[in-house]
Amino acid sequence: MLSNPVILVYTDFSTPSDYAMKSAENIRKRVDGRVHAIHISDFPVHWDWISSGSNSPLFTGDVEISLLNSLKKLMQDQVKRCELECTTDILLNQIYEGMHATINKLNPDLVIMGHKGKTSGPFQLGGMTAKIVASSSKPVLVIKKVLNFPQEKVAGLVSTTGPMKAIIAATEEFSYLLSAEPEIVALWKNVSSQFHNLTALMKSYPHVNFEQEEKELILSKMRERIFEKLDAHSKCKVRVDVIEENHAAKYLAKILHDDSVDLAIMGRHQKGIIEKLLIGSETRRMLELFQGNILVLPPQSE
């Protein structure tokens with residue numbers, strides 16, 4: 001992912017976008033990458049409802065040119081302010097569609113977006129960052145604070161019954177990049193947990209009754225499965241834990257904060273077309289609750 005990578009960074013000219021751009025530049029310099037910054041304006045789309053025969057000055061070519069020039073100036077100012085070495089592009093399009101078209105065309109190794117740390121909407125649709133995270137075919141690095149060097153700790157969040165290799169590899173890669181301590185974290189909640197489903201273990205150990213001895217047995221098996229995926233020379237520490245709360249994200253965010261984790265790495269579970277609009281999962285809750293940066297990997301298979 002970080003071997004001479006192509007990095008796509010999206011900006012809406014906000015402060016979180018400044019953080020994303022500065023982080024992109026810090027990564028670019030460390031790994032000899034190439035950065036492309038993009039802004040997508042959907043203003044013209046909002047004008048489409050006016051009759052095609054309208055003489056409104058909003059629809060003249062001069063206005064479109066003026067808009068593009070203004071956006072280019074904003075982009076130039078931000079690139080200069082963030083000291084980013086990059087190519088740039090301005091698109092007039094729906095943001096969601098424009099981002100996916102750009103991802104398909106550019107084929108980046110990494111997408112970087114800023115995030116204000118909250119989502120909104122009556123159905124918790126979330127912001128644009130959350131929607132791109134939910135549907136991107138590429139890893140998305142969600143920035144809440146500038147990714148500087150060195151950092152203290154990088155934590156990979158894994159499920160012992162799901163794909164782990166990509167998360168472990170990314171954890172080791174970014175910990176090396178950031179000169180940070182790598183850690184692998186796995187939680188057990190219950191057999192119906194979205195991230196930490198231990199159905200296979202429960203079938204192997206049907207006598208489990210949630211007493212301390214059985215919990216230790218489960219945790220021991222979790223550790224074994226994680227260590228099986230680690231390279232013999234891996235420096236990753238392994239943390240497994242039992243939680244009793246309704247949502248894994250709340251507990252994860254707390255232990256990551258307590259452990260001074262700067263970057264969390266997790267996988268996304270694709271559930272179909274609805275996932276493209278409604279994250280509605282621990283991923284969305286982690287975006288809201290965890291105050292550090294989060295790298296979200298697309299669905300993986302092993």
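T11 is buried in the predicted model, because its relative accessible area is 0%, against a cut-off of under 20% for burial. This residue is located in the loop that connects β1 with α1 (residues 15-31). Beyond its neighbours within four places in sequence, T11 is in contact with S17, M21, I38, H39, M75 and Q78. Of these partners, M75 is separated from T11 by 64 residues in sequence, yet the two C-alpha atoms are 8.4 Å apart in space. With Q78, the contact includes a polar one between the two side chains, at 2.5 Å.

Helix α4 comprises 12 residues, from 95 to 106. The distance from its first C-alpha to its last is 16 Å, close to the 16 Å expected at 1.5 Å a residue. The buried residues in this helix are I95, Y96, G98, M99, H100, T102 and I103. An α-helix has 3.6 residues a turn, so residues three or four places apart point the same way. The cover over the buried residues of α4 includes the strands β1 (6-10), β2 (34-41), β3 (87-92) and β4 (110-114), together with helix α5 (128-135). After α4 comes N107, which has a positive phi, near 55°.

Considered as a whole, the protein contains 10 helices and 10 strands. Of its 302 residues, 50% are buried. Among contacts with a separation of 6 or more, 80% join residues 24 or more positions apart. The accessible surface of the protein amounts to about 14900 Å², and carbon and sulfur atoms contribute 50% of that area.

How values were computed
Residues numbered from 1 in each chain as written. Predicted model: local features only at pLDDT ≥ 70, side-chain atom pairs only at ≥ 80, totals over all residues. Heavy atoms only, no water. Helix = DSSP H or I, 4+ residues; strand = E, 2+ residues; numbered from the N terminus. Expected span 1.5 Å × (residues − 1). Buried < 20%, exposed > 50% of the residue type's maximum accessible area, 1.4 Å probe, protein only. Contact = heavy atoms within 4.5 Å. Polar contact = N/O pair within 3.5 Å; in protein donor to acceptor, adjacent residues only side chain to side chain. Areas by Shrake-Rupley, 256 points an atom, 1.4 Å probe, with all protein chains shown as cover.
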